[in-house]
Amino acid sequence: MSAFEVVAVRKQFPALDEGAAHFDGPGGSQTPQAVADAVARTMVSALANRGRLTAAERRADEIVVGAREAMADLLGTTAQGIVFGRSMTQLTYDFSRTLAKNWSEGDEVIVTRLDHDANVRPWVQAAEAAGATIKWLGFDPETSELDDVAPLLTDRTRLVAVTGASNLLGTRPDTQRMADQVHAAGALIYVDGVHLTAHVPIDAAYADFYACSPYKFFGPHLGTLTASPELLETLRPDKLMPSSNVVPERFEFGTLPYELLAGTTAAVDFLAGLGGTGATRRERLVSSLGLVEEHEDNLRDDLESRLAAIPGITLYGHAVNRTPTLLFNLEGHSPAAVAEHLAKAGVNAPAGSFYAYEPARILGLGPAGAVRAGLAPYTDQSDVDRLVAAVAALTGARGTN
């Protein structure tokens, strides 16, 4: 492909043959055939613990090295700083406990009211255990824009945890600017890139830690974190005595899931092939994700304007920079009832607060939350039309023009 072609993209996803319009990507994307093939091929190949003696050992080693290189290309960092774990949540808990070993009473940690709880509770709990103080960074409920972190920063700030994009509202804070402010205060910044990485070109080198999840961008269920090898060398996680003490292996517990790492590499390669051009995989990824961003934003704008025209709709989240994610409620209908109606119409758009505990509370949504519609590279105009028509049908409005 020389440009983004959604028809060709959709053909790569067997799950779409079932006929549903998938707006559930923020909870986990569908899987292209190439990724499934990579996982299956690895599962039936000879494997062993990593080494260079036998073919099975070499294959395991090459899979791990290849996955680190792939993720480094995707994130614009270095393979020696890529850490794998069971999930982003698990990695964040691991790193919060490791970093907290150097915190003491009077130290300060900043978390936001905009984040998924996976980038809140681990830091709150680690700070409490160390006797450190938690500070909260708020956001504007009307615009969903994050407040300025500068007034909260002091010489006792040790870490700021912030989302790259809100999984509930789509808000994309200026984390590059925030990182500059945090670093000027002598602190570290930990960015949750789970909801962002699938939608835009990523250059995570500005962040001290950037965590994401391959299953949000067509890969298998696991988590990834990137940091500079030099920073990782300064950290001493709890580990088994005989396990490796080198970076990044010292942060990975037990044998890695080789089949999932092979699938991760395949997912990155798939992203690189979404119409982008360039001599290197990194260049193709940046180009392809630029095309994805344009495709998704165009569909989001159309979907948002048409939903807004339906009587009784409340749309949440109006940040200038957003992912293709819409959150809405419909007057007279519970979020769960709307989601159930949509499901019967073959439209997968779930309802809830999606572990975004703090923003849902600030917006007064509570556990019931709202209906979330997230677009993906495989979303097309017919999907948008089906969602709008299904929502409109609940009100008697036409809503499809």
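## Pockets, sheets and a cavity

Let's start with a pocket: the second largest one is lined by 21 residues, and Thr89, His116, Val194, Tyr215 and Lys216 are those that lie nearest its centre. Keep in mind that this is a predicted model. About 320 Å³ of space lies in this second largest pocket. Sorted by class, its lining has eight nonpolar, nine polar and four charged residues. Which domains supply the lining of the second largest pocket? At least three residues come from each of domain 1 (6–30 + 282–397) and domain 2 (35–273).

Now for the largest pocket, with a volume of about 370 Å³. Its lining counts 16 residues, and Ser244, Glu252, Gly254, Thr255 and Leu256 are the closest to its centre. By class, there are five nonpolar, five polar and six charged residues around the largest pocket.

There is also a cavity to look at. Rolling a probe the size of a water molecule over the atoms is a way to show where empty space is left. Searching the whole structure turns up one cavity of 30 Å³ or more. The largest cavity holds about 100 Å³ of space, and of the 13 residues lining it, Gly25, Pro26, Ala198, His199 and Lys216 are the closest to its centre. Lys216, then, is among the residues closest to the centre of the largest cavity and also among those nearest the centre of the second largest pocket. Where does the largest cavity lie relative to the two domains? Domain 1 (6–30 + 282–397) and domain 2 (35–273) both contribute to its lining, so the largest cavity lies between them.

Here are the three spaces side by side:

| Space | Volume | Lining by class |
|---|---|---|
| Largest pocket | about 370 Å³ | five nonpolar, five polar, six charged |
| Second largest pocket | about 320 Å³ | eight nonpolar, nine polar, four charged |
| Largest cavity | about 100 Å³ | eight nonpolar, four polar, one charged |

On to the sheets. Strands of a sheet pair through backbone hydrogen bonds, in either a parallel or an antiparallel way. One open sheet has seven strands in the order E2-E8-E7-E6-E5-E3-E4, and its pairing is mixed. Strand E2 (82–85) and strand E4 (133–137) are its edge strands, each pairing on one side only. From one strand to the next, the twist averages 20 degrees. Inside this sheet, strand E3 (residues 108–112) and strand E5 (residues 157–163) pair in the parallel sense over three bridges, with Ile110 standing opposite Val160 in E5.

Another open sheet has four strands, ordered E9-E10-E13-E12, with antiparallel pairing. Strand E9 (313–316) and strand E12 (351–352) are at the edges with a single partner strand each, so one side of each has no neighbour in the sheet. Strand E10 (residues 325–330) and strand E13 (residues 370–374) run antiparallel and are joined by four bridges; Thr325 has Gly374 in E13 as its bridge partner.

A couple of backbone details are worth a look too. The peptide bond from Val247 to Pro248 is cis, with omega near 5 degrees, and Pro248 lies in the loop between helix H7 (229–233) and helix H8 (258–272). Ser144, found in the loop between E4 and E5, has a positive phi of about 65 degrees although it is not a glycine.

Finally, the record: an unreviewed UniProt entry places the feature "domain: Aminotransferase class V" at residues 23–387. In the model, that span is 37% helix and 15% strand, and its end C-alpha atoms lie 9 Å apart.

Note on methods:
Residues numbered from 1 in each chain as written. Predicted model: local features only at pLDDT ≥ 70, side-chain atom pairs only at ≥ 80, totals over all residues. Heavy atoms only, no water. 1 Å grid on protein atoms, 1.4 Å probe; cavity = no way out; pocket = protein on both sides within 12 Å on 5 of 7 lines; lining within 4 Å. Points joined across faces, edges and corners; volume = space filled by probe spheres on them. Nonpolar A, V, L, I, M, F, W, Y, C, P; charged D, E, K, R; others polar. Domains from an automatic or database assignment. UniProt positions renumbered as here; feature names shortened; annotations may be inferred. Helix = DSSP H or I, 4+ residues; strand = E, 2+ residues; numbered from the N terminus. Pairing = 2+ DSSP bridges. Axes fitted to C-alpha atoms, helices over the stretch in contact; angles between N-to-C directions.
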